[in-house]
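Grab a pencil and work through these exercises with the structure open beside you. Try each task yourself before you read its solution.

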Amino acid sequence: MKAARVHEPGKIVIEEVPVPLLGDKEVLIKVHRAGICGTDVGVMHGYVPAKFPLTVGHEFSGTIAKLGSPSLGGLREGEPVAASAGWGCGNCELCQSGMGSFCKNRVSLGRNSDGCMAEYVKVDYRVVFPLPPDVSLDEAQNFLNIACAIQGFKKVPLQLGKRVAIFGAGNMGLIMLQILKLTGAYEAVAVDAIDFRLEMAKKFGADHVVNVMRDNPAKTILGWYPDGADVVVEATGNPLSIQNACDVIKANGALISIGIFSRKVKELDLSFLYYKEPVIYGSKGAEGGYQEAIQLLGKRRLQIKPMITHRFPLDETAKGFKTLEDQADKALRVVIEPCA
Ligand SMILES: [Zn+2]
Ligand SMILES: [Zn+2]
């Protein structure tokens, strides 16, 4: 089968590799859609740790090609599915207490195990989820990010009547925005450096937007909400964003950090911890949000398809990465289609 592989940082090559052999708890999935995530870009460049040589990619939808053993979790060959990108051993103390995201022996697609930018990928049956009727493979490719956003969202109380500020209107930020509006956020502000993304944020329910290239986000947001935002979401992973995010938290408010900071924050004024008594949450992975993500997809409560701006065949995976990185062509969700 064909696969998009990285042998050394900075370069993706398309190679012929064997179709993965299955253990009896594993499922072979024919990959139809694979979304490129910022983490994949980091893996490719070598600033997100990964084990090379490696097939990249971890967010995908597809159909079940083969089961490692009969009647595995009620799954059926040929059925359309979404899947998570990682799973714990299932036996250690962390796994047993529902914290498989932190398992020392965790398998992570596109990090320490071959990922989904290939014709086929194998995953543990525990993280394979059949799609409800009428959910398209286009929508399901974003399953994992929906589950991640839900996992982050669950850290804070319901948002009915609350004001929220979301830093980063990329794929993850826009899903989070939709979830917060859905659950009753009274007003939402989206912050980004790219107008096209902010326009999309408005379509998805943002009441205000701030382009950091033109306006100071903290000053602007505090102009609208003098007391600050009840919930602030940091979805950029950019060290320059965090001070602004902290500066707009309301007293007793909350910050949820769902971006990965791959560089250090050089300077941060922490006096707000005393003055505002906020709660700061980190959020890793999606394990707490799988079921709700499938439900939201099934009930058509999120707009996922309009976020897809580009599609490439597997052979052009490198071009897909470049399109997302360069942002030259209004790229938001770039999707690779290994099997159409
Ligand atoms: Zn990802
Ligand atoms: Zn474990």
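In which helix is the place of Cys148? Keep in mind as you look that this is a predicted model.

**Exercise 1. A cysteine in a helix**

Task: Place Cys148 in its helix, then decide whether the residue is buried or exposed.

Solution, step by step:
- Start with the position: Cys148 sits in helix α4, which covers residues 143-153.
- Now check the cover. Anything under 20% relative accessible area counts as buried. Cys148 comes in at 16%, so it is buried.
- Next, look at the rest of the helix. 11 of the 11 residues of α4 are buried, so the helix is largely enclosed by the rest of the structure. Among them are Phe143, Leu144, Ile146 and Phe153.
- Finish with a distance: from the C-alpha of Cys148 to the C-alpha of Lys266 is 27 Å, and these two residues are 118 residues apart along the chain.

**Exercise 2. Four cysteines and a zinc ion**

Task: Find the protein donors of the zinc ion (ligand 2) and work out why their arrangement is called tetrahedral.

Solution, step by step:
- List the donors: the SG atoms of Cys89, Cys92, Cys95 and Cys103, at 2.3 to 2.4 Å from the zinc ion (ligand 2).
- Write down how they are spaced along the chain: C-x2-C-x2-C-x7-C.
- See where two of them come from. Cys89 belongs to the loop between β7 (86-87) and α2 (93-96), while Cys103 belongs to the loop between α2 and β8 (107-108); the pair is 14 residues apart and links distant parts of the chain.
- Now the angles. Four donors pass as tetrahedral if all angles lie between 85 and 135 degrees. Around the zinc ion (ligand 2) the angles are 104 to 115°, which makes the arrangement tetrahedral. For comparison, the ideal angle for four tetrahedral donors is 109.5 degrees.
- Last, compare the cover of two donors: Cys89 is partly exposed at 30% relative accessible area, whereas Cys103 is buried at 7%.

**Exercise 3. The other zinc site**

Task: Which residues are the protein donors of the zinc ion (ligand 1)?

Solution, step by step:
- Name the atoms: Cys37 gives SG, His58 gives NE2 and Glu59 gives OE, all lying 2.0 to 2.4 Å from the zinc ion (ligand 1).
- Read off the sequence spacing, which is C-x20-H-E.
- Check the cover: His58 is buried at 10% relative accessibility, and Glu59 is buried at 1%.

**Exercise 4. A three-stranded sheet**

Task: Sort out the strand order of the open sheet that contains β1.

Solution, step by step:
- The order is β2-β1-β4, and the pairing is antiparallel.
- The edges are β2 (12-16) and β4 (54-55), each of which pairs on one side only.
- Take the β2 side: five bridges join β1 (residues 2-6) to β2. Ala4 stands opposite Ile14, and Val6 stands opposite Ile12.
- Look at the turn too. The hairpin of β1 and β2 has five residues between the strands, and Gly10 takes a positive phi near 100° there.
- Take the β4 side: two bridges join β1 to β4, and Arg5 has Thr55 as its bridge partner.
- As for cover, four of the five residues of β1 are buried.

**Exercise 5. Charged pairs**

Task: How many salt bridges does the structure hold, and which parts of the chain does the one between Arg33 and Asp138 tie together?

Solution, step by step:
- The count is 21 salt bridges.
- Arg33 and Asp138 form one of them, at 2.6 Å from N to O.
- Arg33 lies in strand β3 (residues 26-35) and Asp138 in helix α3 (residues 137-140), so the salt bridge ties together parts that are 105 residues apart in sequence. Both Arg33 and Asp138 are buried.
- Contrast this with Glu79 and Arg76, whose closest N and O atoms are 3.3 Å apart. Here Glu79 is buried at 9% relative accessibility, but Arg76 is exposed at 52%.
- Now follow the shared partners: Arg33, Asp138, Lys305, Arg311 and Glu337 are joined into one network of salt bridges.

**Exercise 6. A nonpolar patch**

Task: Which residues make the nonpolar surface patch of about 390 Å²?

Solution, step by step:
- The members are Val265, Leu268, Leu270, Leu273 and Ile280.
- Ile280 is found in strand β16 (residues 279-282), and at 44% relative accessibility this residue counts as partly exposed.

Definitions and conventions
Residues numbered from 1 in each chain as written. Chains lettered and ligands numbered in written order. Predicted model: local features only at pLDDT ≥ 70, side-chain atom pairs only at ≥ 80, totals over all residues. Heavy atoms only, no water. Donors = N, O, S within 2.8 Å, 3.2 Å for Na, K, Ca; no water. Tetrahedral: all angles 85-135°; square planar, octahedral: opposite > 155°, others 65-115°. Buried < 20%, exposed > 50% of the residue type's maximum accessible area, 1.4 Å probe, protein only. Patch = residues over 30% accessible without salt bridge, like charges linked within 9 Å, V, L, I, M, F, W, Y side chains within 5 Å. Areas by Shrake-Rupley, 256 points an atom, 1.4 Å probe, with all protein chains shown as cover. Salt bridge = Lys/Arg side-chain N within 4 Å of Asp/Glu carboxyl O. Pairing = 2+ DSSP bridges.
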